[in-house]
Amino acid sequence: MALNPRLSGRVAARAHHSPAAAILQKMEPFFAIGQVSGGPLLIATIIALVAINSPIGADYARMWDRPLRLSYGAWSVARPAAEWINDALMPLFFLIVGTEVKREFVKGSLASLRTAVFPIAGAIGGLVVPVALYVAFNHGTDAAHGWGVVAAMDTAFSLAIVAMFTTRLPMAVRAVLLAFAAIDDVFGLLVIAFAYTTSIAWGFLALAGCAYSGILALLRLRWVASVPYVLLGLVVWIGVFGSGVHPTIAGVAVGLLLPTSSRLSEAVFAKRVQDPVDRFKEAQAAAERADDPAEEEEQRDKAQRRLGYIHEMAAATDEAADRLVRLLTPWVSYVVLPLFALSNVRIHFSAELIGKAVHSPLTGGVVAGLVIGKPLGFLGASWLATKIGRAALPKDVTWPMVLGIGGVAGIGFTISLFIAELAFTDAVQTEEAALGILVASIVSGLFGYAMFWKVSRPAADAG
């Protein structure tokens, strides 16, 4: 029996507005395919915390500490699996960060000078104030050198929270957060490079610089083929990796180079592919007429080469930055970031650790720096920059929204855990820092969500 269309519409609407559907709709931004999403990262974090605190915790940690060796002839390098994830996969995440922030500054909501200064000023405040709070807590202790832990924020989680209000907040809010996050992450990477790198192999760094200059030269020549860019990008990574500087900075550096306009206009594309299209047709026809199998194979190879050239030209009509982000984002969200959490989150919950952490200036400094320092520093510095006329509040963005951005900036997960591993050699200090990061991230996430919910309510009511 067919269901009445009106009745089925009511049933569908009722199902859509059910509590379960509402929860799923709220959670959807955490698993969005089109942007870096925090859902898979959150699930992986929970799995890692459960595993490390279970009876298999020791075996679980050993699995990620097991060395993986790469060798070629006499050359060989062996590192734990967790380090390979940090050094070889995480640069892809920062490549996206660098690419997206360039796009926002070149032709996004921050394209004007004064709106561009706004997140830059906020990022400076979001670095100085948290570090000052951390140092105040740990002055004179052996944990003082861990100040870099509060230097950077977690882009994936913060963007996922903003995405929950995507229809009720101005688009400029995401743009400001993205720019702030990227600048903040660059600060964090510079901290890694200069504060927590014990020695630098200048020869490798020179190699990275030469490859980086090669990318710049190809961009200046408007070179179309993608392969040279990819190969030079790999050389940049190898150079930074071999130099001793954390290779994630290579991802941001290359991302900032990617063109935000197409390498080939449609008019030039039409001119360049006309002859190859004709030759492709000729080769296809010759292959069909050929009686000799060898000649037929030769003609089909010619046709494939022409087709490859046409494909390369067609790809060049896309914006390189947008194309790369579309390609990498699902892999980063569903593979890279979860692997990072699974291999790096190793907080052993115990009464002893919690007792130490409650009275630890290290944990207190991390929580204060991220929960209080980030929103206070970002809001204060950006407000000051607007008051002296150097910056302008982006269109439709209000100061409570800015406070919400500062709030979610206190989610210091990814790079903060990175820096904690580098800054502390003592396992207890590392765990105290990680526990502080976890607590601060939860509190900051809830505060940021509450602020965005409050400022978005009028928009919801109006809708």
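These legends describe close-up views of a predicted model.

**View 1. A nonpolar patch on the surface.**
Six names make up this view: Phe31, Ile43, Ile47, Trp331, Tyr334 and Val335. Together they form a nonpolar surface patch of about 550 Å². Two elements, α3 (39–52) and α14 (320–344), each give two or more residues to the patch. Which element gives the largest share? Helix α14 does, with three residues.

**View 2. Valine 335 within the patch.**
Here the focus is one residue of the nonpolar patch, Val335. Valine 335 sits in helix α14. Is valine 335 buried or exposed? Its relative accessible area is 32%, so valine 335 counts as partly exposed. A patch residue needs over 30% relative accessible area, and valine 335 has 32%.

**View 3. Arginine 79 and its two acidic partners.**
Side chains of opposite charge can pair when their charged atoms come close. The model holds six salt bridges, and two of them appear in this view. Arginine 79 forms a salt bridge with glutamate 83, and the closest N and O atoms are 3.8 Å apart. The cut-off for a salt bridge is 4 Å. Arginine 79 also forms a salt bridge with aspartate 87. There, the closest N and O atoms are 2.5 Å apart.

**View 4. Cover around the arginine 79 group.**
Which of these residues are partly exposed, and which are buried? Glutamate 83 is partly exposed, at 34% relative accessibility. Arginine 79 is partly exposed too, with a relative accessible area of 24%. Aspartate 87 is buried, at 6%. Buried means under 20% relative accessible area, so the 6% of aspartate 87 falls within that class.

**View 5. A salt bridge between two helices.**
Lysine 374 forms a salt bridge with aspartate 184. The closest N and O atoms of this pair are 2.9 Å apart. Where do the two partners lie? Lysine 374 is in helix α16 (residues 361–387), and aspartate 184 is in helix α8 (residues 171–195). The pair therefore ties together parts that are 190 residues apart in sequence. Lysine 374 and aspartate 184 are both buried.

**View 6. A network of shared partners.**
Which residues do salt bridges with shared partners join into one network? They are Arg79, Glu83 and Asp87. Arginine 79 bridges to glutamate 83 and to aspartate 87.

Methods. Residues numbered from 1 in each chain as written. Predicted model: local features only at pLDDT ≥ 70, side-chain atom pairs only at ≥ 80, totals over all residues. Heavy atoms only, no water. Patch = residues over 30% accessible without salt bridge, like charges linked within 9 Å, V, L, I, M, F, W, Y side chains within 5 Å. Areas by Shrake-Rupley, 256 points an atom, 1.4 Å probe, with all protein chains shown as cover. Salt bridge = Lys/Arg side-chain N within 4 Å of Asp/Glu carboxyl O. Helix = DSSP H or I, 4+ residues; strand = E, 2+ residues; numbered from the N terminus. Buried < 20%, exposed > 50% of the residue type's maximum accessible area, 1.4 Å probe, protein only.
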